[in-house]
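The following exercises ask the reader to work from a three-dimensional model to a description of residue environments. Please examine the model before attempting each task.

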Amino acid sequence: NRQREQEGEAPLLIDQIPMDDPATFALLKRCATTAVFQLESRGMKDLIKRLQPDDFEEIVALVALFRPGPLQSGMVDDFIRRKHDRSERVDYLHPSLEPILKPTYGVILYQEQVMQIAQVLSGYTLGAADLLRRAMGKKKPKEMAKQRSVFMSGAVAKGVAERVATRIFDLIEKFAGYGFNKSHSAAYALLSYQTAWLKAHYPAAFMAAVLSSDMDHTDKVVTLIDECKEMELTVEPPDINASDYAFSVWGTASIRYGLGAIKGVGRAAVESLLAERDSHGPFSDLDDLCHRCDLQKTNRRVLDALLRAGALDCFGVNRATLSARLPESIQGAEQMARAQAAGQSDFFGLDEPAAVTASQAKPELVEVPDWSEARRLAGERDTLGLYLTGHPINAFEADLKHLTHGRIIDLVSAEPVVSQGGQGRGNFNGGREVTVAGLVLDMRRRGRRISLTLDDRSARIEVTLFDDVFQQYRNIVVKDAILVVDGRLAYDDFIGGWRVTAKQIMDIDQAREKFAGRIVLRWPENTPGGAFVEQLKATLKPYRNGHCGVAVQYRGASAQARLKLGDDWCVRPTRELIIRLQDLVGRDGLRIIYPPRKQHAIDL
């Protein structure tokens, strides 16, 4: 309603939205139901994908069908097949039951249908029909035998053949374990439809509200932010001068991260900061923040969490400099607070307290080199539960071009090949051998298998490890590791996507050490030859006796050359060596050359 007010529209009355909205049903049919009440689980999405609901009645049916009884009894398959296959004959059991069972394609789905059948076919009163419903729920043999006798007598008296009446009661008795109260299902379905409508028409406001409601559950926040990306909504980093306590709408297609969702930052601290900001304007820099905040509520731990989460980036200083400055800023603020307290306690003004102003307590800012991307992202992961301003795999993109057969997006966006005979979308002729890499986002055990979710920033893919493979590589298969996986790619109908069954796994460091052919270094400009050679020698020496050659590219004012070091200086290209060499020649001054690997055909 805040958004509608800004746009000059009347407040939204949720109970007056149209119940046949095309955009809402389009959202449901494409299974974009994350955060939609009752419809967001993987199993429910699979059911929606198969059913493709066209009206509100079918949403009611969805809620009733998604339970163990209907799923295991075959009712769900009957319902879906009869909906989509016009040639499928729908058996209403008796002509008088067609009005009752037509909305559910002849399937007895609701308890209310049982009561209606008993009324229409056997002359039950409403009270007697409710007794039948209760007897079904209790599943007591004696009570059901009594009800069978009453039902049969009434049906035969109304001209129904005994054989037909027996068959119908047998189905009702079987249904006893699966029936659901339609009024309950309709109430759930109404909330499902309303939340789907809000998501379809006010995506940013809806997702900001959902994120705010789950902001204390980091895993849920991560899932919802992923959904924002799918919806092409930008989640802006937290900002001490722009964020509210909760997530908030920021523009037409953006959401601003809430300060209250930062780990280690409590509600009291945030409310104190927001009150100060609202009263006296934005904070100008770190010193201003420390002098104006209540250091009893916003202590060093809170300030450090805000800093590492990126909430202080608005000050225009890198995080390493802010971190180095933080102790001085807090100390200066504490000195000023003590001086002010001393002045207030001098009731008669007999002592003239030393005047300490913010400018006098503010030492000169000394900038230091920024943190590495890995350290910056680790801080975000610690405080936000996710990587918000980058991805750990970025540092290895150049390597992965040579170590894999392409980005995950190129695999998961392909159309599956239907096998001859048409049995199964994903037969895929047994699959194809591929090498894929990504960050391990999630690990789950499913019986004797482990399922990983790999993310390479372009997309995600599920990787299955059978127990023998997992035991072989369990020391490196951990959450947040970057893995290179050789395996078989095939389409999985159950998950509705591509899956890799792993055969061999390496972490990124092992893969680089195994496959790197040569390290090429660029001679730093304005560096004396003797000094550079000695530094290079000292850096390479601990990593000698490897298979990876080293070359140095020199470019001067009057000459240029590429110098290949002797075989005695072949090294093991470990992560530690790469970091040390980058410190010596700069990140842009190092390049790793990989010999061509045998490429498997990925004929999708």
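The exercises below concern a predicted model and treat a core, a surface patch and a loop residue in turn.

**Exercise 1.** Determine which residues touch the most other members of the largest nonpolar core, and which helices supply this core.

*Solution.* Step 1: the largest nonpolar core has 51 residues, and Tyr257 and Leu306 touch the most other members. Step 2: at least two residues of this core come from each of several helices, including H13 (203-213), H15 (267-280) and H18 (319-345). Step 3: setting aside residues up to four places away in sequence, Leu306 touches Ile240, Leu259, Ile262, Val265, Leu273, Ala311 and Leu312. Step 4: another core, of 35 residues, lies apart from the largest one and has Leu403, Ile508, Leu577 and Leu581 among its residues.

**Exercise 2.** Classify Leu191 by its relative accessibility, and identify the surface patch that contains Leu191.

*Solution.* Step 1: Leu191 is part of helix H12 (residues 182-201). Step 2: Leu191 has 41% relative accessibility and therefore counts as partly exposed. Step 3: together with Phe37 and Tyr188, Leu191 forms a nonpolar surface patch with about 250 Å² of accessible area in total.

**Exercise 3.** Is Asp91 buried or exposed, and which residue's side chain does the side chain of Asp91 join in a polar contact?

*Solution.* Step 1: Asp91 sits in the loop between helix H6 (75-84) and helix H7 (98-101). Step 2: its relative accessible area is 18%, so Asp91 is buried, the cut-off being under 20%. Step 3: the side chain of Asp91 makes a polar contact of 2.7 Å with that of Arg167. Step 4: a polar atom of the Asp91 side chain also lies 2.8 Å from the backbone nitrogen of Leu93.

Technical notes: Residues numbered from 1 in each chain as written. Predicted model: local features only at pLDDT ≥ 70, side-chain atom pairs only at ≥ 80, totals over all residues. Heavy atoms only, no water. Core = buried A, V, L, I, M, F, W, Y, C linked by side-chain atoms within 4.5 Å. Buried < 20%, exposed > 50% of the residue type's maximum accessible area, 1.4 Å probe, protein only. Helix = DSSP H or I, 4+ residues; strand = E, 2+ residues; numbered from the N terminus. Contact = heavy atoms within 4.5 Å. Patch = residues over 30% accessible without salt bridge, like charges linked within 9 Å, V, L, I, M, F, W, Y side chains within 5 Å. Areas by Shrake-Rupley, 256 points an atom, 1.4 Å probe, with all protein chains shown as cover. Salt bridge = Lys/Arg side-chain N within 4 Å of Asp/Glu carboxyl O. Polar contact = N/O pair within 3.5 Å; in protein donor to acceptor, adjacent residues only side chain to side chain.
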